[in-house]
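Me: I'd like a close look at just one part of this model. Here is what I have in front of me.

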Amino acid sequence: VHPENLDPGYKINLLKGILYYAEVFFICLACLLASCNTPKVGFRYSGQQTQTIGKNTFIVYFNKTKAQAVRTNRIRLKDGAQVVSDAREAIEFVTGCTIRPHSFSGDPGLISVRIKCL
């Protein structure tokens, strides 16, 4: 098919299609970025505090029985074990509580635990 034989408005329709998908992409990207430093959906917290331990910065959300540490800085993949250790220390420092054994869940970006406060 030669370009002379195509509908003259094909370029406009093509451009409209590209712009539509670009708009959808940027809306999805904005939603994704807006949720980067928030606790898990459904987690009700009574307090929050930002805490830096070592090279890692966390926002610690907590209530009487649970806590979540959301890492807000970038890390290298190989530093994941250190992040978990730093998150534990940040949670205990911010809440003043101890972490219940075997209650860790999540990943280096968001760590959830059950806590025991005296």
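What covers the buried residues of helix 2? Walk me through that helix and what comes right after it.

Reply: Keep in mind that this is a predicted model. The cover over the buried residues of helix 2 includes strand 1 (47-53), strand 2 (56-62), strand 3 (66-71), strand 4 (98-99) and strand 6 (110-116).

Now the helix itself. Helix 2 takes in residues 80-95, and at 1.5 Å a residue those 16 residues should span 22 Å; the end C-alpha atoms sit 23 Å apart, so the expected and modelled spans agree. The buried residues in helix 2 are Gly-80, Val-83, Asp-86, Ala-87, Ala-90, Ile-91, Val-94 and Thr-95. Look down the axis of helix 2 and these buried residues fall within an arc of 140°, which means they line one face of the helix. Over on the other side of helix 2, Ala-81 and Phe-93 are exposed.

Next, the exit. Gly-96 comes just after helix 2 and has a positive phi of about 75°. Then there's Cys-97, which forms a disulfide with Cys-117, the two sulfur atoms being 1.8 Å apart. Cys-97 is in the loop between helix 2 and strand 4, while Cys-117 is in the segment after strand 6, so the pair ties together parts 20 residues apart in sequence. The structure holds one disulfide, and this Cys-97 to Cys-117 link is right-handed, with 90° about the S-S bond.

As for the two ends of that link, Cys-97 has 7% relative accessibility and so counts as buried, whereas Cys-117 is partly exposed at 38% relative accessible area.

Notes
Residues are numbered from 1 along each chain as its sequence is written. This is a predicted model: local features need pLDDT of at least 70, side-chain atom pairs count only at pLDDT 80 or more; totals for chains, interfaces and linings use all residues. Side-chain values use heavy atoms; hydrogens and water are left out. Helices (H or I, at least four residues) and strands (E, at least two) are DSSP runs, numbered from the N terminus. The expected span of a helix is 1.5 Å times one less than its number of residues. Buried means under 20% relative accessible area, exposed over 50%, partly exposed in between (1.4 Å probe, protein chains only). The arc is that of the directions from the helix axis to the C-beta atoms. Contact means heavy atoms within 4.5 Å. A disulfide is a pair of cysteine sulfur atoms within 2.5 Å.
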